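This briefing looks at how some helices pack against one another and at what lines one of the pockets. Please keep the model in view while reading.

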Amino acid sequence: MEADARVEVIQALIPLALMHVEEELQAEVERLVGPRYGRGEDDAGLVRWGRQRGSVFLQDQKVPVMVPRVRDRREGQEVSLAVYRSLQAPRQMDRTLMLRVLRGLSCRSYEETAAAVPEALGLSPSTVSRRFIKATARKLREMMERDLSGHDFVALVMDGKGFGRDSEMVTALGITLAGKKVVLGFIETATENERVCSEFLRSLVDRGLACEKGLLVVLDGAKGLRKAVKRVFGGCALVQRCQWHKRENVVGYLPKSRRPAMRRQLQRAYKQPLWEDAKAALLGLKKELALQNQSAARSLEEGLEETLTLHRLGLFEELGTSLKTTNTIESLHSLLGSRTDKVDRWRNSNQRQRWVAAALLDMEPGLRRIKGCHHLPALRYAIQADLNLVKQPTLKSA
C-alpha cells in the first residue's frame, strides 16, 4: 500500500518526479542489498550489479532513466525492482490520452506537444491512435450497458445532433427527482423516425429506465419522437413540446420583416403564468396569423396544447426555465460539439459513436442540477394526478 501510494505521487509530479525516480530506485536497492560499501556485502546473496538504460512512465510520458541492477548470487539470476516494475506501467494512460485527443490534441501532433519534460521519449501517432480507440471503445460499452435502475427519473429530454451529412445522434438526458442530469444514451440514425426512436426508448427501459411513476418528456417538434414516446411509455408520460422550436417554426412562414414582432408576441403569450391566459393569448395570435399566413396559423395550432403542459400542471413559473424548452440538452450538444466538431471526416459509425460516448461520459460529472429542482417532487405528483397514476385510497365497508 505504501509503495503504491509513493509510486502514484511520483507519477503525478511532472516534471519534478524525474528527480525522485532515481532516489526511489536507489532506496529499494539499499533495502535489498544494504548500504553501499557496507560490511558483509560480499558474503550476501543479493549484491549490486551495475546499471543499465531503461524507461519509466510519468503519467503518460515515457522517460529514459538509468536503472540500478541487483543480482542474486546464490540463484544466479537478476532480481527485478518492484518500484521499477510499477513505474513501467502507464497508470490511467489510456484515459489521459483519450481526454487530450477529445479536447483538441490530434494524434499526429501528440508527440510534439504532449511531452511534459524535455527528456520524454514521446509516443508515436499510431500508438496514440490505438490507445485512444481502446479507451473510447470502453466508454462506448459503458454508455450502452450501464444500469439505469438506480435512478428515480421524473423528466426526460430528447433531441438530435447532426454528424456529417447523413448521420444524426439522438441523445436522451434524464432528470432525476433531485434534479441531477444523467446521460441515458444515444442512437445513430439518418432521421428521427418512429421505429428507430421506439427501439432506442425500449433499450433504455430494458436497462432500467422506469416510467410507472410518470415522466415529463421534453421534445422538439419531431413527429417520429412524439409517436415513439406514445408507443413505448403509453399512458405513463406527458409531453412538453419545446416552446422555442414552436415559435421559430411559426415565424419561419412569415416574411423576414414581420418575424421580430411576431416572435415577441409569441414570447409574451408563453410567458403568461396561468394556463388559461397563455392559451387565450396564443389563440388570439392564431387568428391574427390566419389573416397573414394560414400555414403559420396551422403551425401554431399543431401541438399547441403540448407546448403548454407545464402551464396546465401549474408549474410553469417554478420549472419553466429548465423544462419549457429543450435547452437543457441543446447545451449538452453544444459542449459535445466543442469536442467533436473539429473532426473533418468521420471514417465510420464506430468512430462517431466512440467519440460521442467518451465525450458525454467525460462531461456528465460537470453537469449542474436544473434550476428549480426542489419543485420536482411537485412535478411528480402533478404528472401522476393528470395521468391518474395516483392510487386512490380505498374505503373499507362497514
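Which element gives the largest share of the lining of the second largest pocket? Helix 15 does, with 5 residues of that lining. The model is a predicted one, and the points below take up this pocket, then the packing of helix 15 against helix 16, and finally the two contacts made by helix 12, with helix 11 and with helix 9.

**The second largest pocket**

- The second largest pocket holds about 310 Å³ of space, and of the 15 residues that line this pocket, those closest to its centre are K181, T328, S331, R368 and R369.
- Two elements, helix 14 (316–323) and helix 15, each give two or more residues to the lining.
- By residue class, the lining of the second largest pocket divides into 5 nonpolar, 6 polar and 4 charged residues.

**Helix 15 against helix 16**

- Helix 15, which spans residues 327–340, packs on helix 16, residues 349–363, at an angle of about 125°, and their axes lie 10 Å apart.
- Because of that angle, helix 15 counts as oblique to helix 16, and the crossing in which helix 15 passes helix 16 is right-handed.
- On the side of helix 15 the contact is made by L332, L335, L336, R339 and T340, and on the side of helix 16 by W355, V356, A359, L360, D362 and M363.
- The residues of this contact between helix 15 and helix 16 comprise 8 nonpolar, 1 polar and 2 charged.

**Helix 12 against helix 11**

- Helix 11 (residues 275–292) and helix 12 (residues 294–301) pack at an angle of about 155°, with 6 Å between their axes, which means that helix 11 is roughly antiparallel to helix 12.
- Helix 11 contributes L282, L285, K286, L289, A290 and Q292 to the contact, while helix 12 contributes Q294, A296, A297, L300 and E301.
- The contact of helix 11 with helix 12 is made up of 7 nonpolar, 2 polar and 2 charged residues.

**Helix 12 against helix 9**

- Helix 9, residues 243–251, packs with helix 12 at an angle of about 165°, their axes being 8 Å apart, and the two helices are therefore roughly antiparallel to each other.
- The crossing of helix 9 and helix 12 is right-handed, and the contact is made by K246, N249 and V250 of helix 9 together with A296, S299 and L300 of helix 12.
- The residues of the contact of helix 9 with helix 12 fall into 3 nonpolar, 2 polar and 1 charged.
- A296 and L300 of helix 12 take part in the contact with helix 11 and also in the contact with helix 9.

Methods: Residues numbered from 1 in each chain as written. Predicted model: local features only at pLDDT ≥ 70, side-chain atom pairs only at ≥ 80, totals over all residues. Heavy atoms only, no water. Axes fitted to C-alpha atoms, helices over the stretch in contact; angles between N-to-C directions. Helix = DSSP H or I, 4+ residues; strand = E, 2+ residues; numbered from the N terminus. Parallel < 35°, antiparallel > 145°, perpendicular 65-115°, else oblique. Left-handed = near helix turned anticlockwise from the far one by under 90°. Contact = heavy atoms within 4.5 Å. Nonpolar A, V, L, I, M, F, W, Y, C, P; charged D, E, K, R; others polar. 1 Å grid on protein atoms, 1.4 Å probe; cavity = no way out; pocket = protein on both sides within 12 Å on 5 of 7 lines; lining within 4 Å. Points joined across faces, edges and corners; volume = space filled by probe spheres on them.
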